[in-house]
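Take a walk through this model with the coordinates open. The route goes from ring pairs to an interface, then on to single residues and their surroundings.

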Protein chains: 4
Amino acid sequence: MTTRWADDDVYGHMNNAVYYELFDTAVNAHLIESTGLDVRALPAVGVVAETSCRYFREIGFPAPVDTGLVVERVGTSSVIYRIGLFQGDSGEAAAEGRFVHVYVDNTSGFGDRPVRPLPDEIRAVVEPLQRPAG
Amino acid sequence: MTTRWADDDVYGHMNNAVYYELFDTAVNAHLIESTGLDVRALPAVGVVAETSCRYFREIGFPAPVDTGLVVERVGTSSVIYRIGLFQGDSGEAAAEGRFVHVYVDNTSGFGDRPVRPLPDEIRAVVEPLQRPAG
Amino acid sequence: MTTRWADDDVYGHMNNAVYYELFDTAVNAHLIESTGLDVRALPAVGVVAETSCRYFREIGFPAPVDTGLVVERVGTSSVIYRIGLFQGDSGEAAAEGRFVHVYVDNTSGFGDRPVRPLPDEIRAVVEPLQRPAG
Amino acid sequence: MTTRWADDDVYGHMNNAVYYELFDTAVNAHLIESTGLDVRALPAVGVVAETSCRYFREIGFPAPVDTGLVVERVGTSSVIYRIGLFQGDSGEAAAEGRFVHVYVDNTSGFGDRPVRPLPDEIRAVVEPLQRPAG
């Protein structure tokens, strides 16, 4: 993924919130590209229930960022992803994120929305990313 | 804090990354306002080592967001904050964030920067926010 | 409107793109608050056809920004706004933006959408903001 | 350049302010890559004096955006760029931006900063992008 001038804050490095834009993009790009569907129009959609990030090394504009995406757990109605961000020649992740999607009804409009089972199309493209427990 | 039209994503609610812009702002606004200093110009500055957020209820534009900021721990060279975000009349937090600042040398330019003790000016304004354990 | 830590770029001032987040917010907040409606759900919605900004003085985090919103022109299916941004005690605008909304059909989904007349609810709240010529 | 999930707003298309993040990035990436310098550390730096954008067609996540960058005018202390954004197979620009950099002293800190001549390193990489008039 490419970085942007505005990603860097006053200290000259990527602002901590921007990492989450990249996590979000890595997850959704995988879902959209591997299903070939507009996942935003499925009857159940993933809403973000929990996220976290540990920042190991500073990254920033203008070099691009490589991402590694694995699935930690596939539940009945949730998926937990782990995302590594890499920049430059180092093989070590500059940051590691965790991203929890819970699937909810896409037709209820604003307000509390009932949890729904993971759509089969989503399950089919997240299960292959599961990392065997080590 | 006020919300922005662009904060909401395609599902009509605040994008998960934007919450971290609010956490960042809550922490730094407290430091700047309560010290009366430009904290970005101190010899040691806080870089973000770890963040996380649990999302309980959807929030978004146009209503403002109230924040509650407490300090979980003050270390030799780090501060751990917890931030609650509230919107509307509900007394329950819509999201709860955790934000870890580690203080590093502000004069070393880009690259690895040595950890430094918390500046006294910072310590003086974060210790009063400590929430008693239990 | 409140500013955010991440608004400032590496030069320590608000990034030029962020001004447009404030323009967008000023326009839509006026429409939502003064109509009392969720304008995103009206049969015709305003899409942005043209924007511009002249930057006169640097602004940035942490002080809030005041906005002045006027309407330059109300057309059959478009509205042209001018927005001034102010920070601090100065009575002079730090930036002046221009923002053109064209109303299009809200039900056609993605792709080219036919232009529609301005909804009456919108017309009623933008005409009073017209600044007399001269 | 890659797009991000958070770029799209509630209408499912790239928010109007995000286009300016792309303009900014196109200009600065060209300057950094073609000079081989950290342009943020030169004695004179470009601050943004004026920007504008006309939006012709909706673009958004997840497809990447191609950019075309030309220079409209090189002055003593300013450069005017035009940037076209393209997405998908269409040869027509989805948006066209205008971006005016004025060079100012990089050492004066916050506040009013005197205008400076364009650094030679910058001039050398923007003059070749000039589009012949007519």
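**Rings, interface and buried residues**

A:Tyr20, A:Phe23, B:Tyr20 and B:Phe23 are linked by ring pairs into a cluster. The model is a predicted one. Start inside this cluster, with the two tyrosines. A:Tyr20 and B:Tyr20 are both buried.

Now widen the view to the aromatic pairs of the whole model. Over all chains the count is 22 aromatic pairs. One of them is formed by A:Tyr11 and C:Trp5, with 5.7 Å from centre to centre and 55° between the planes. That geometry makes the pair tilted, because stacked needs planes under 30 degrees apart and edge-to-face needs over 60. A:Tyr11 sits in the segment before helix H1 (16-35) of chain A, and C:Trp5 sits in the segment before helix H1 (16-35) of chain C, so this pair joins two chains. Are the two partners buried or exposed? A:Tyr11 has a relative accessible area of 17%, so it counts as buried, the limit being under 20%. C:Trp5 is buried too, at 4% relative accessibility.

Go back to the tyrosines of the cluster. The ring centres of A:Tyr20 and B:Tyr20 are 3.7 Å apart, and their planes meet at 10°, so this pair is stacked. It also crosses between chains: A:Tyr20 belongs to helix H1 of chain A, and B:Tyr20 to helix H1 (residues 16-35) of chain B.

That leads to the contact between chain A and chain B. Which measure gives its size? The accessible area lost when the parts come together is often used for an interface. Here chain A and chain B bury about 2300 Å² between them, and 51% of that is on carbon and sulfur atoms. Chain A brings 28 residues to the contact, and chain B brings 28 residues.

How many salt bridges are there between chain A and chain B? The count is two. The side chains of B:Glu58 and A:Arg113 meet in a salt bridge, at 2.7 Å from N to O. Polar contacts add to the picture: 15 residue pairs make them across the interface of chain A and chain B, with both residues at pLDDT 80 or more. On the side of chain A that touches chain B, the elements giving two or more residues are H1 and strand E1 (44-55) of chain A. E1(A) gives the most, with eleven residues. By residue class, this side of chain A divides into 13 nonpolar, eight polar and seven charged.

Next, look along the backbone for an unusual bond. Most peptide bonds are trans. A:Phe61 and A:Pro62, however, are joined by a cis peptide bond, with omega about 10°. A:Pro62 is in the loop between E1 and strand E2 (66-74) of chain A. In chain B, a cis peptide bond joins B:Phe61 and B:Pro62, again with omega about 10°. B:Pro62 lies in the loop between strand E1 (44-55) and strand E2 (66-74) of chain B.

Two buried asparagines come next. B:Asn28 is in helix H1 of chain B. Its relative accessibility is 3%, so B:Asn28 counts as buried. What does its side chain meet? A polar atom of the B:Asn28 side chain lies 2.9 Å from the backbone oxygen of B:Asp24. Beyond four places in sequence, B:Asn28 touches B:Val39, B:His101, C:Trp5 and C:Phe61. C:Trp5 is the buried residue already met in the tilted pair with A:Tyr11.

C:Asn15 is placed in the segment before H1 of chain C. At 2% relative accessibility, C:Asn15 is also buried. Its side chain and that of D:Asp24 are joined by a polar contact of 2.9 Å. Leaving out residues up to four places away in sequence, C:Asn15 touches A:Trp5, A:Ala6, C:Asp7, C:Asp8, C:Asp9 and D:Asp24.

End at C:Leu31, in helix H1 of chain C. C:Leu31 is buried, at 1% relative accessibility. Apart from neighbours within four places in sequence, its contacts are C:Gly36, C:Val39, C:Tyr81, C:His101, C:Tyr103, C:Ile122, C:Val125 and C:Val126. How far apart are C:Leu31 and C:Glu121, in sequence and in space? They are 90 residues apart in sequence and 9.0 Å apart from C-alpha to C-alpha.

Definitions and conventions
Residues are numbered from 1 along each chain as its sequence is written. Chains are lettered from A and ligands numbered from 1 in the order in which they are written. This is a predicted model: local features need pLDDT of at least 70, side-chain atom pairs count only at pLDDT 80 or more; totals for chains, interfaces and linings use all residues. Side-chain values use heavy atoms; hydrogens and water are left out. Rings of Phe, Tyr and Trp (its six-membered ring) pair if their centres lie within 6.5 Å; planes under 30 degrees apart count as stacked, over 60 as edge-to-face and the rest as tilted. Helices (H or I, at least four residues) and strands (E, at least two) are DSSP runs, numbered from the N terminus. Buried means under 20% relative accessible area, exposed over 50%, partly exposed in between (1.4 Å probe, protein chains only). Contact means heavy atoms within 4.5 Å. Buried area is the accessible area (1.4 Å probe) that two parts lose on being put together, summed over both. A salt bridge is a side-chain nitrogen of Lys or Arg within 4 Å of a carboxyl oxygen of Asp or Glu. A polar contact is a pair of N or O atoms within 3.5 Å; within protein, one must be able to donate a hydrogen and the other to accept it, and residues adjacent in sequence count only if both atoms are side-chain atoms. Ala, Val, Leu, Ile, Met, Phe, Trp, Tyr, Cys and Pro count as nonpolar, Asp, Glu, Lys and Arg as charged, and the others, Gly among them, as polar.
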